[in-house]
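Student: I have a structure open and would like to walk through it with you. Could we take it one step at a time?

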Amino acid sequence: MLRSVRYSVFALMALGMIGCGKSPVPGDGAASPAKAAAEAVDVSAAVASDFPRGFVPEFSYRVRSKANDTIDGVEYKKLVVEFKGGDAVTIDKTVEAGFVRIGYRRYKTLTQNNGAIVGDYGKDGHRITATITPKSDSMSLFDAESKGTIYFVWRP
């Protein structure tokens, strides 16, 4: 049991390191907001495959980690990204609009004490959860200009 947990931790760390280089905005943050938005929409197939099928992020981001997990024989995909612009409420509305465009309906919203917004979306028996968490003093982010994180969980 301990060995499988250890391997899982190493696998998640490796996946996180792999995803670190996939940012639609140059590392120096020099892109204008218009250019960053255009680049975020024009994602490559490899980056788009990180997100739930059909979802195109319309915000600047950096992949923090991604993983596949199996719980009770059910496969889940997990993706954590750091968002660069806007606040949690604005990003939540952007994520919701992106899911609505591909046929999902928001059926639950929770606001947590730390300012995080949890949105549950559904379509034809498929469910996606997106948790938008604003930056805080206790949060360690890769990029200084990141405003928080988005944690996606879904079944492929």
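Student: What pattern does the protein follow, read along the sequence?

Tutor: Happy to help! This is a predicted model, where local features need pLDDT of at least 70, side-chain atom pairs count only at pLDDT 80 or more, and totals for chains, interfaces and linings use all residues. Residues are numbered from 1 along each chain as its sequence is written, and side-chain values use heavy atoms, with hydrogens and water left out. Helices (H or I, at least four residues) and strands (E, at least two) are DSSP runs, numbered from the N terminus. There are four helices and six strands, and along the sequence they give the pattern α-α-α-β-β-α-β-β-β-β.

Student: In what order do the six strands lie in the open sheet?

Tutor: Two strands pair if DSSP finds at least two bridges between them. The edge strands can wait a moment; the pairing in this open sheet is antiparallel, and the order is E1-E2-E6-E5-E4-E3.

Student: Which are the edge strands?

Tutor: In the order E1-E2-E6-E5-E4-E3, look for strands that pair on one side only. The twist averages 15° from one strand to the next. The edge strands are E1 (61–71) and E3 (105–111).

Student: How many bridges join E1 to E2?

Tutor: E2 covers residues 74–83 and runs antiparallel to E1. In this pair, Asp-69 stands opposite Tyr-76 in E2. The number of bridges joining E1 to E2 is ten.

Student: Which residue takes a positive phi in the hairpin of E3 and E4?

Tutor: E3 and E4 pair in the antiparallel sense over six bridges, and Arg-106 stands opposite Tyr-121 in E4. The hairpin has five residues between the strands. The residue with a positive phi, near 90°, is Gly-115.

Student: And in the hairpin of E4 and E5, which residue takes a positive phi?

Tutor: E4 (residues 117–123) and E5 (residues 126–134) pair in the antiparallel sense over seven bridges, and the partner of Asp-120 in E5 is Thr-129. This hairpin has two residues between the strands. The positive phi, near 50°, belongs to Asp-124.

Student: Which residue in E6 does Thr-133 stand opposite?

Tutor: E5 is joined to E6 (residues 148–154) by seven bridges, and the two run antiparallel. Opposite Thr-133 in E6 is Thr-149.

Student: Which element gives the largest share of the largest nonpolar core?

Tutor: A nonpolar core is a set of buried Ala, Val, Leu, Ile, Met, Phe, Trp, Tyr and Cys residues joined through side-chain atoms within 4.5 Å. This core has 22 residues, of which Phe-59, Val-81, Val-95, Phe-99, Ile-150 and Phe-152 touch the most other members. The elements giving two or more residues to this core are E1, E2, helix H4 (88–101), E4, E5 and E6. The largest share, four residues, comes from H4.

Student: Is Lys-84 buried or exposed?

Tutor: Buried means under 20% relative accessible area, exposed over 50%, and partly exposed in between (1.4 Å probe, protein chains only). Lys-84 is found in the loop between E2 and H4. Because its relative accessibility is 12%, Lys-84 counts as buried.

Student: Which side chain makes a polar contact with the side chain of Lys-84?

Tutor: A polar contact is a pair of N or O atoms within 3.5 Å; within protein, one must be able to donate a hydrogen and the other to accept it, and residues adjacent in sequence count only if both atoms are side-chain atoms. For the Lys-84 side chain, the distance is 3.4 Å and the partner is the side chain of Glu-145.

Note on methods:
Axes fitted to C-alpha atoms, helices over the stretch in contact; angles between N-to-C directions.
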